[in-house]
Amino acid sequence: MTRRLLIRATGTARPGQLAELGRALARSGARLLDINQSVTFGVMSLEALVGLDQDIDLERALATAGDSLGLDVQAIQVSAEDYQRWSVQASQPRLILTLLAPHLPAGILAEVGALTAEYGLTVELIHRLSGREPLDGGVPRDHRIQGSCVECWLRGEEIDLDALREKALALGAMHGVDIAIQEDSIWRRHRRLVCFDMDSTLIQAEVIDELARCHGVGDEVAAITERAMRGELDFQQSFRERMRMLKGLDEAVLAEIAESLPLMDGVERLMTHLKRLGYRTAILSGGFTYFARHLQQRLGFDEIHANELVIENGKVTGEVHEPIIDADRKVALLREIAAREGLAMEQTIAVGDGANDLKMLAAAGLGIAFRAKPLVRRQARHSISTLGLDAVLYLIGYRQGDLEEQRE
């Protein structure tokens, strides 16, 4: 009759330990059913589940091997019931919970542990994606993503994922931490297309508000923009109303504003990595092509789709060429680009901040509300509010170490 044993070995890591333990298992004729090993601060932890058909004192052989290696080795009998329970759990859906913040408070672990336990989820693995903080407390090298990120793998039966996300959003707001929860799948590390809103996503401004300020109607236009981004006004209606207020604006103002637009935190690092990793990138904006082209030239976007201002005799007419890029047009463009590139929608990522982006975020394989209005954060599946735009890389699943190696 087959015996199943959980082998657990811990101690100071050094070369040759896995080889010696492997030889002890091989001499016993054990079958390897599962294994996991990690090293943290020089301490090795190995767990292996093995099946044994022969009546051999494997426990003694492993203890002897452990003594010679400076390891504490235990062999724990696994009952048929426990093995069946483990097999069932291993086949359950996996969720990826990501914690992001400038600094992660230790107390968030207790809160997350309680939340996941409430939904019957087991924490299978926790690991850090962000780089280590400098020993001198200084600022990390410029190409590093700023802030801290920890990723947790969760297992459990199917749950009300929307309800879990809602609670996680409230919990994160209390602690100043972004908590993103996504279903694990083969697509997670195989996204290939990233589409961005422009205003207040790639840049720290709403261009139409800047144009209005230069034209002396800044307060009126900004108030309408704010209501539109909160979802209180129909986008096309509010857009046409704001455009009418820009009639007569001198074309020379466009160049001045384009040169002074402040980029969003982390956007240059994000674009550098996305291009090197082979992603296709696009701007899908309810703003203006004049400024989207400026960002394309500066940051290297593959394509842009925005509203084209009508200019006559060096003056803005208050009109744009049809069609207006609204929420429906954004999601249509996302689908069109994916189809043209031969990609499944699960391979797409969309990032935006306003109500005008919600349909695009919902349709993408990974939709991220970035520093968004409360309504958008609540309705989007994932959000980032505490870090820069380059934290998108963490939600795709990249480690800082991966990105540094890729940079070399």
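Is Asp357 buried or exposed? In this predicted model, Asp357 counts as buried, because its relative accessibility is 1%, under the 20% limit. Its salt-bridge partner is Lys330. The N and O atoms of the two side chains lie 2.5 Å apart. The pair links distant parts of the chain. Lys330 belongs to helix 12, whereas Asp357 sits in the loop between strand 14 (348–352) and helix 13. They are 27 residues apart. Lys330 also has a relative accessibility of 1%, and therefore counts as buried.

A further salt bridge involves helix 12. The side chains of Asp328 and Lys359 meet with an N to O distance of 2.6 Å. This pair, too, joins distant parts of the chain: Asp328 lies in helix 12 (residues 327–340), Lys359 in helix 13 (residues 358–363), and 31 residues separate them. Why is Asp328 partly exposed? Its relative accessible area is 44%, so Asp328 falls between the limits of 20% and 50%. Lys359 has a relative accessibility of 44% and is likewise classed as partly exposed.

A salt bridge within helix 3 connects Arg85 and Asp82. Their closest N and O atoms are 2.5 Å apart. Because the two residues stand three positions apart in helix 3 (residues 80–90), about one helical turn separates them. Arg85 counts as exposed, because its relative accessibility is 53% and the limit is 50%. Asp82 has a relative accessibility of 37%, so the residue counts as partly exposed. Across the model, the count comes to 25 salt bridges.

Strand 7 (residues 148–155) pairs with two strands described here. Its cover is extensive: of its eight residues, seven are buried. Strand 5 (residues 94–101) runs antiparallel to strand 7, and eight bridges join the two. Within this pairing, Leu99 has Val150 of strand 7 as its bridge partner. Strand 6 (residues 122–128) is also antiparallel to strand 7. Six bridges connect strand 6 and strand 7. Here Thr122 stands opposite Arg155 of strand 7.

Where is His382 placed? His382 lies in strand 16 (residues 382–384). Its relative accessibility is 3%, so His382 counts as buried. Two backbone oxygens lie at polar-contact distance from the His382 side chain. One belongs to Ile181, whose backbone oxygen is 3.2 Å from a polar atom of that side chain. The other belongs to Gly367, and its backbone oxygen is reached by the His382 side chain at 3.2 Å.

Which residues does His382 touch, leaving aside those up to four places away in sequence? The set includes Ala180, Ile181 and Gln182. Leu366, Gly367, Ile368 and Ala369 are also among the contacts. Arg165 and Leu395 complete the list. Ile181 and Gly367 thus appear both as contacts of His382 and as the sources of the two backbone oxygens.

Technical notes:
Residues numbered from 1 in each chain as written. Predicted model: local features only at pLDDT ≥ 70, side-chain atom pairs only at ≥ 80, totals over all residues. Heavy atoms only, no water. Helix = DSSP H or I, 4+ residues; strand = E, 2+ residues; numbered from the N terminus. Buried < 20%, exposed > 50% of the residue type's maximum accessible area, 1.4 Å probe, protein only. Polar contact = N/O pair within 3.5 Å; in protein donor to acceptor, adjacent residues only side chain to side chain. Contact = heavy atoms within 4.5 Å. Pairing = 2+ DSSP bridges. Salt bridge = Lys/Arg side-chain N within 4 Å of Asp/Glu carboxyl O.
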